Amino acid sequence: MSTQEHTVTHIHRDDIGARMGMWLFLFTELLLFGGMFILYSIYRYTYPDAFHLAAKDLNTIIGTFNTAILLTSSLTMALSIAAIQRDRKSLSIFLQFITILLALGFMVNKYFEWSAKFSHGIYPGSEVLLAKPSGEIVFYGLYYVMTGLHGLHVIIGMVLIAIMMRFTYKGIIKADSYVKLETVGLYWHLVDIIWIFLFPLFYLIT
Amino acid sequence: MEKNQEKHLDNSHSYGNYILVWLALMALTAVTVAVAGINLGGLTVATALIIASVKGYLVLTIFMHLKSESKTFRVFVSVALIFLIVSFILLFSDYSFIARN
Amino acid sequence: MNETITVPTNGKHPSYLEYKGKYKGFLGWVLSTDHKRIGILYLVSILSFFLVGATFGFLLRLELIAPGRTIMDPQTYNSFFTLHGVIMVFLFVIPAIPAIFGNFFLPILIGARDVSFPRLNLLSWYLYIIGGLLAIISIIAPGGAADTGWTFYIPYSVRTGTNVIYALFAAFVLGFSSILTGINFVTTVHRLRAPGMTWFKTPLSVWSIYSTAWVQVLVTPIIGITLLLVVIERTFSVGLFDPALGGDPVLFQHLFWIYSHPAVYIMILPAMGIVSEIIPVFARRTIFGYKFIALSSVAIAFFGSLVWAHHMFTAGMSNTGQFIFSLLTMTVSIPSAIKVFNWTATLYKGSIELAPPLLYVLAFIFQFAIGGLTGVMLGILSIDIMVHDTSFVVAHFHYVMFGGTGFGIFAALHYWLPKMFGRMYNIKVAKSTFWLVFVGFNLLYFPMFIMGWLGMPRRYYDYLPEFHIYHLLSTIGSWILILGILIMFTNFIVALIRGKKITEKNIWGGETLEWTIDTPPIHENFLEIPTVHEAPYEYKQNETDIRQFQEVK
């Protein structure tokens, strides 16, 4: 045995483990929103007419447009990973950037939607809302909380992707080491999947 | 290469594959919106959910690479989904039988 | 991963306690990503909160020693039982075994150097501390401590003016701490087992912690969102549960218990794992039915997630719902019973050594049996209708959570502290203290079964004279129990400061990997990652081994 004094600093790299950890985290997100989907389904069952009526007030066109935006952002995210796997650094950064732009577009639309509702006096705790029948109050409560929480996750995703852009630029994410980008990609796709279910349940039940 | 860094193209598809999936997703979205206009009663919700599930499945398997990961990952996802679905079912087993006035 | 560690010039590896990493002193502890140091950080913080929660319990029992007012007014009483519940559930019983012993020993038990995500591990502890601070703030901030009970039922939790939001945020943050630990442990068990350690060669405490980790990951988010929704409802009058706004308060109960019932399995499963570890060692026999015990952990996790509404039989459920949940509740008892039978079978004709860890384990089996059987009773609709919200329920859950998990924690402390710190406590004191704790515990809680059966409601500040004798016995039991616990902790603290130093690797004669490494462990756990050939608990029947335990006595 040698007599040097050093201990092993094992640079423990486990890409599969990293992805596994992220998937497990995604399950928690799935169940977080799942809890709210449970709420939605029970209340929808309880107040079918009120939900039907209230959903009419939501703008299906903006909703559909937002769905398309988010689906496209999922595409650009997946493509950005494919790009870095093929050592196309600039392409990857560009695609990550487009993803962020699309997410921004989604949030801008959301802002317009919400402010339109606010200007009509429909927001949690407002007199206008509280004067409506119970089922509609619950509908809007669910609408604001679920799309609001979803929007928060979109913003978090934008920040994460921006950080990944910087990592890619600096070469921390590269062709033979890109698990960070993959895990952020997984997070982003889940945000997309949640919207895939939110969209029909709120906008298309007329 | 360490065994826990797999060959870097194992977990990937061609650009074209991703674009094809995206086209399918957009098409399914169009279908969902179109169907929503037709009144099928209770079936409307079911149809919407089925189409959403297909879209979700595509994102999971292709965009999130679930298809190319090891079986363990697919078992994980199934466990999580089954738990969510069973909770739904059990909850409705109570709610659908409450006598409401 | 086949790194070997070269020996430093003086030939001696520092233990993890003395290891000098990037930071020194205090920072070297609170910034450490070493799973062992994090386990110690949890040990200190969790046991401190336990004492706080126990103090609330002690004061509650003091109030209840006689009818009428004794030392506090009703509002204070309500806050005290709320805090007792919140602290004990979220800051003690749920985290304790996974965060303390899971963190310290899981990597060692599977032959790894650390968990999969060491920095996430440290974050989990930070979140625990933040949650604890929020809980303390909820007590001292103006508005007064929450008085809703730890269950925060709607509509009172939305109406009361007390510091419900702080308490809810505390629980939310603590939930995240739990989730991150769960994610870490699932990944660690999948990815970092030593060569040769197949699933069925893994120690049973690993199976327990793994099953627990899955439950932590899947159900904790649901309470997270539920509590968050109550915060939002209080703040923005959103109207999701509040009946005045069209909400359904029973739906809150459903969502609350979808987490909180599996939470009790998060509490008990790791303790069962500890029992499975300790019995073979002190009976010197291979565990009976290893595979059944391992798979029963998975079964308990699974079935336990399907039974939540048995907390709500009187809340206004449909008959169909009641029947279904009552039936499902019966199924959970089966894997639990399998464990108890297998433990007993392991003890039968074993070479029993009544060391302190085994004493607590034997008490566990006795108390868990009582708690479990009364749980089955409560699962029966006709019985539950009568005893719901009485002291009977309080006795039931204290028998399983305290008489079960609590005693499991005491057993684990007596079993593993010497390994963790390289110091031995006084065994004679430990053994006599056990009797104080055991008698005190049963005197405290058994009368509650009787008075609950006779109609004494739970969470009541005052009571009819006919219940006085039971309350009196119970309060006296609490004094004996607290005395025992204080002596136990003193025994440990004295040991840490000036107890006999141990350097033997295996003082109890265990057959799992932690007994093959240094006492206390070196920073990297193993000099060389072992290759595992045998299943654990393979005791050879005829060996006469001189156990260090004899000498340490």
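**Before the views.** A crossing of two helices is called left-handed if the near helix is turned anticlockwise from the far one by less than a right angle, and right-handed if clockwise. Everything here comes from a predicted model, where local features need pLDDT of at least 70, side-chain atom pairs count only at pLDDT 80 or more, and totals for chains, interfaces and linings use all residues. Residues are numbered from 1 along each chain as its sequence is written, with chains lettered from A and ligands numbered from 1 in the order in which they are written.

**View 1. Helix 2 of chain C against helix 5 of chain C, a left-handed crossing.** Helices (H or I, at least four residues) and strands (E, at least two) are DSSP runs, numbered from the N terminus. Here the axes of helix 2 (residues 35–63) of chain C and helix 5 of chain C come within 10 Å and cross at roughly 15°. Helix 2 of chain C is therefore roughly parallel to helix 5 of chain C. (Axes are lines fitted to C-alpha atoms, for helices over the stretch in contact, and angles run from 0 to 180 degrees between N-to-C directions; under 35 degrees counts as roughly parallel, over 145 as roughly antiparallel, 65 to 115 as roughly perpendicular and the rest as oblique.) On the helix 2 side of chain C, look for His35(C), Ile38(C), Leu41(C), Tyr42(C), Ser45(C) and Phe49(C). Helix 5 of chain C brings Pro118(C), Asn121(C), Leu122(C), Trp125(C), Tyr128(C), Ile129(C) and Gly132(C) to this contact. (Two residues are in contact if their C-beta atoms, placed from the backbone, lie within 7 Å.) By class, the contact of helix 2 of chain C with helix 5 of chain C has nine nonpolar, four polar and no charged residues. (Ala, Val, Leu, Ile, Met, Phe, Trp, Tyr, Cys and Pro count as nonpolar, Asp, Glu, Lys and Arg as charged, and the others, Gly among them, as polar.)

**View 2. Helix 4 of chain C and helix 7 of chain C, another left-handed crossing.** Helix 4 (residues 96–109) of chain C packs on helix 7 (residues 164–191) of chain C at about 25°, with the axes 12 Å apart. The two are therefore roughly parallel to each other. From helix 4 of chain C come Pro98(C), Ala99(C), Gly102(C), Leu106(C) and Pro107(C), which meet Thr181(C), Phe185(C) and Thr188(C) in helix 7 of chain C. Sort the residues of this contact by class and you get five nonpolar, three polar and no charged.

**View 3. Two cis peptide bonds in chain C, at Pro155(C) and Pro520(C).** The bond from Ile154(C) to Pro155(C) has omega near 0°, and Pro155(C) sits in the loop between helix 5 (118–140) and helix 6 (156–159) of chain C. From Thr519(C) to Pro520(C), omega is near -15°. Pro520(C) belongs to the loop between strand 2 (500–501) and helix 17 (548–552) of chain C. For context, chain C has 17 helices and two strands, and its C-alpha atoms fill a box of roughly 70 × 50 × 45 Å along the principal axes.

**View 4. Helix 3 of chain A meets helix 1 of chain B in a right-handed crossing.** Helix 3 (residues 60–85) of chain A and helix 1 (residues 15–37) of chain B pack at about 170°, axes 10 Å apart, and are therefore roughly antiparallel to each other. Chain A offers residues including Thr64(A), Leu71(A), Leu75(A) and Ala82(A). Across from helix 3 of chain A, helix 1 of chain B supplies, among others, Tyr15(B), Trp22(B), Met26(B) and Val33(B). The class split for this contact is 13 nonpolar, four polar and no charged.

**View 5. Asp87(A), a non-glycine with positive phi.** Its phi is about 65°, and Asp87(A) is found in the loop between helix 3 and helix 4 (89–119) of chain A. Chain A comes to seven helices and zero strands. Its C-alpha trace spans about 80 × 35 × 25 Å along the principal axes.

**View 6. Chain B: where it touches chain C, and how confident the prediction is.** The contact takes 11 residues from chain B and 13 residues from chain C. On the chain B side, that's seven nonpolar, three polar and one charged. Mean pLDDT (the predictor's confidence in each residue, from 0 to 100) is 84 for chain B, and 82% of its residues reach 70 or more. Among the elements of chain B, helix 2 (residues 42–63) has the lowest mean, 90, and helix 3 (residues 71–95) the highest, 93. Over residues 1–8 of chain B, pLDDT stays under 50, and the model has 12 contacts beyond four places in sequence for that stretch.
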